[in-house]
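Look at the sequence and the model first, and keep both in view while reading. The text then goes through the structure one part at a time.

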Amino acid sequence: KDQLINFLNKNNIEFEICEYLNDALRYIYEDSKNISGIILDLGLERDKSDPEYNQYMGLELAEEAERIKLNIPILINSTTEVEISRNEYPFFFGHRTDMDDYDILENFISFLRTREEQ
């Protein structure tokens with residue numbers, strides 16, 4: 001996580017970190033106009049009062065984003081393997097499983113910047 005934060009800071013990317021699924025859901029409901037992309041860890045806890053960890057809980061965020069037609073690109077940043085179909089999640093950008101691989105992050109940031117310019 002710290003390496004990702006350092007990378008985003010070095011590239012002058014504004015970001016918000018949500019440690020829990022419920023915080024992330026609240027953020028997409030309240031601030032969706034200010035979100036250009038989501039970097040999602042699949043393994044999350046629901047919230048502070050329900051610390052049960054689930055290695056796929058982050059998919060609930062992707063499902064809710066799709067349900068409310070958020071239309072925000074999502075990059076999964078997780079060593080947890082998962083099969084994701086673009087039919088199911090049309091705004092799925094990719095999956096970064098190797099935490100030392102920054103190419104997909106750079107591509108994601110370039111993609112987001114290009115979208116913002118349009």
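## Inside the model

The largest cavity encloses about 60 Å³ of space. The model is a predicted one. In total, the structure holds two cavities of 30 Å³ or more. Rolling a probe the size of a water molecule over the atoms shows where empty space is left.

Which residues line the largest cavity? They are A62, A65, E66, N71, I72, I74, Y89, P90, F91 and F92. Sorted by class, this lining has eight nonpolar residues, one polar residue and one charged residue. Helix 3, which covers residues 58-67, gives the most to the lining, with three residues.

The second largest cavity holds about 40 Å³ of space. Its lining is made of L59, A62, I74, I76, I84, Y89, F91 and F92. How many of these are nonpolar, polar and charged? Eight are nonpolar, and there are no polar and no charged residues. Helix 3 and strand 4 (74-77) each supply at least two residues of this lining. I74, for instance, is listed for the largest cavity and is also listed for the second largest.

## Strand 4 and its neighbours

Strand 4 can now be followed residue by residue. In a regular strand the side chains alternate between the two faces of the sheet. In strand 4, I74 and I76 point one way, while L75 and N77 point the other way. Are these four residues buried or exposed? All are buried. The pair that points one way, I74 and I76, also belongs to the lining of the second largest cavity.

Strand 4 has pairing partners. Strand 1 (residues 38-40) pairs with strand 4 in the parallel sense, over three bridges. Within that pairing, I39 stands opposite L75. Strand 4 is also joined to strand 5 by four bridges, and these two strands run parallel. Here the bridge partner of N77 is R96 in strand 5.

R96 has a further contact to point out. Its charged end sits over the ring of Y102, 4.7 Å from the ring centre.

## Aromatic rings

How many aromatic pairs does a search of the whole structure find? It finds three. In one of them, the ring centres of F93 and F111 are 5.3 Å apart and the planes are at 40 degrees, so the pair is tilted. An angle under 30 degrees would count as stacked and one over 60 as edge-to-face. F93 lies in strand 5 (residues 92-96) and F111 in helix 4 (residues 103-117), so this pair ties together parts that are 18 residues apart in sequence.

Both rings belong to partly exposed residues: F93 has a relative accessibility of 22%, and F111 has a relative accessible area of 35%. Ring pairs also bring in F108, linking F93, F108 and F111 into a cluster.

## A loop and a hairpin

Between strand 5 and helix 4 there is a loop, and D101 has its place there. D101 counts as partly exposed, at 31% relative accessibility. Its C-alpha atom is separated by 29 Å from that of D47, and the two residues are 54 residues apart along the chain.

D47 leads to another part of the model. Strand 2 (residues 44-47) and strand 3 (residues 50-54) pair in the antiparallel sense over three bridges. In this pairing, D47 stands opposite D50 in strand 3. What joins strand 2 to strand 3? A hairpin does, through two residues.

## The largest pocket

The last stop is a pocket. About 1200 Å³ of space lies in the largest pocket. Of the 40 residues that line it, those closest to its centre are L8, F15, E16, I38 and I39. I39 was named above as the residue opposite L75 in strand 4.

Helix 1 (2-10), helix 2 (21-31), strand 1 and helix 4 each supply at least two residues of the pocket lining. Which of the elements gives the largest share? Helix 4 does, with five residues. By class, the lining of the largest pocket divides into 22 nonpolar, nine polar and nine charged residues. In the second largest cavity, by contrast, the lining has no polar and no charged residues.

Terms used: Residues numbered from 1 in each chain as written. Predicted model: local features only at pLDDT ≥ 70, side-chain atom pairs only at ≥ 80, totals over all residues. Heavy atoms only, no water. Phe/Tyr/Trp six-rings, centres within 6.5 Å; stacked < 30°, edge-to-face > 60°. Buried < 20%, exposed > 50% of the residue type's maximum accessible area, 1.4 Å probe, protein only. Lys NZ or Arg CZ within 6 Å of the ring centre and 35° of its normal. 1 Å grid on protein atoms, 1.4 Å probe; cavity = no way out; pocket = protein on both sides within 12 Å on 5 of 7 lines; lining within 4 Å. Points joined across faces, edges and corners; volume = space filled by probe spheres on them. Nonpolar A, V, L, I, M, F, W, Y, C, P; charged D, E, K, R; others polar. Pairing = 2+ DSSP bridges.
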